[in-house]
Amino acid sequence: TTIKKLIDTRKNDFNHIIIETTGLADPAPVAQTFFIDEGIEESCRLDSIVTFIDAKFTSQHLDEEKPEGVENEAHEQVAFADVLILNKTDLVTSDELEETKKKLKNINVHAPIIETQYSRVPIEKVINIKAFDLDKTLQMDDGFLDIESDHQHDSSITSFGIHIEGEFKLDELNE
């Protein structure tokens with residue numbers, strides 16, 4: 001794995017390794033790496049799972065009905081989080097914010113919710129907080145350490161790329 005290669009080649013160069021799982025990724029397989037691979041387990045400690053929540057759009061993702069057997073990845077991310085960063089709070093009303101916080105607490109009562117704008121989070125709230133608890137995770141998902149997974153993911157979530165010849169003009173794209 002990439003983490004193992006980094007540790008083997010640059011063992012003393014890291015204070016922290018931060019893994020960002022973009023979009024609707026299930027955090028469980030990433031977290032499992034720290035317990036299933038003996039070399040990583042001896043060299044690293046999973047400090048915490050921090051999940052960023054978009055205050056404007058997450059509520060609708062949490063409410064989505066998925067087909068039978070397909071997991072709601074938004075629920076998975078919230079459930080596995082040790083800390084929830086509720087970002088873009090300036091883009092919603094106070095009632096919308098309270099409704100989203102209520103939904104988050106209904107899924108994960110233990111994770112503190114940090115309200116932010118522009119992703120500004122005090123570093124001491126997310127780094128070296130020793131919040132991940134394997135026993136708590138196993139109580140929530142007793143198959144957490146099973147390598148074989150029968151998870152089904154929503155095939156309606158896709159990505160695409162566009163290739164355009166020429167110079168990329170970020171300012172024009174943003175406009």
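Eight helices and three strands, that is 8 helices and 3 strands by count, make up the secondary structure of this protein. The model is a predicted one. Reading from the N terminus, the elements follow the order α-α-α-β-α-α-β-α-β-α-α.

**The protein as a whole**

Of the 175 residues in the protein, 30% are buried. Among contacts with a separation of 6 or more, 77% join residues that sit 24 or more positions apart. The protein exposes about 12300 Å², and carbon and sulfur atoms supply 49% of that area.

**Helix 6 and its two faces**

Let us turn to helix 6, which covers residues 94–107. With 14 residues at 1.5 Å a residue, helix 6 should span 20 Å, and its end C-alpha atoms are indeed 20 Å apart, so expectation and model agree.

Which residues of helix 6 are buried? They are L97, T100, K101, K103 and L104. Seen down the helix axis, these buried residues fall within an arc of 160°, so they line one face of helix 6. The face turned away from that buried side carries the exposed residues S94, D95, K102 and N106.

What do the buried residues of helix 6 pack against? Their partners are strand 1 (50–54), helix 4 (58–63), helix 5, strand 2 (83–87) and strand 3 (113–115).

**Two buried residues in other helices**

Helix 5, one of those packing partners, spans residues 73–80 and is home to E76. A second residue to look at is T137, which lies in helix 7 (residues 134–140). The table sets out the two side by side.

| Residue | Helix | Relative accessibility | Contacts beyond four places in sequence |
|---|---|---|---|
| E76 | helix 5 (residues 73–80) | 19% | D26, P27 and E71 |
| T137 | helix 7 (residues 134–140) | 4% | F80, F132 and F144 |

Why does E76 count as buried? Its relative accessibility is 19%, and buried means under 20%, so E76 qualifies. T137 counts as buried because its relative accessibility is 4%, again judged against the cut-off of under 20%.

The neighbours of each residue are worth following in the structure. Leaving out residues up to four places away in sequence, E76 touches D26, P27 and E71. With the same residues left out, T137 touches F80, F132 and F144. T137 can also be placed relative to A79: the two are 58 residues apart in sequence, while their C-alpha atoms are 9.3 Å apart in space.

Methods. Residues are numbered from 1 along each chain as its sequence is written. This is a predicted model: local features need pLDDT of at least 70, side-chain atom pairs count only at pLDDT 80 or more; totals for chains, interfaces and linings use all residues. Side-chain values use heavy atoms; hydrogens and water are left out. Helices (H or I, at least four residues) and strands (E, at least two) are DSSP runs, numbered from the N terminus. Buried means under 20% relative accessible area, exposed over 50%, partly exposed in between (1.4 Å probe, protein chains only). Contact means heavy atoms within 4.5 Å. The expected span of a helix is 1.5 Å times one less than its number of residues. The arc is that of the directions from the helix axis to the C-beta atoms. Accessible areas come from the Shrake-Rupley method with a 1.4 Å probe; for residues, only the protein chains shown count as cover.
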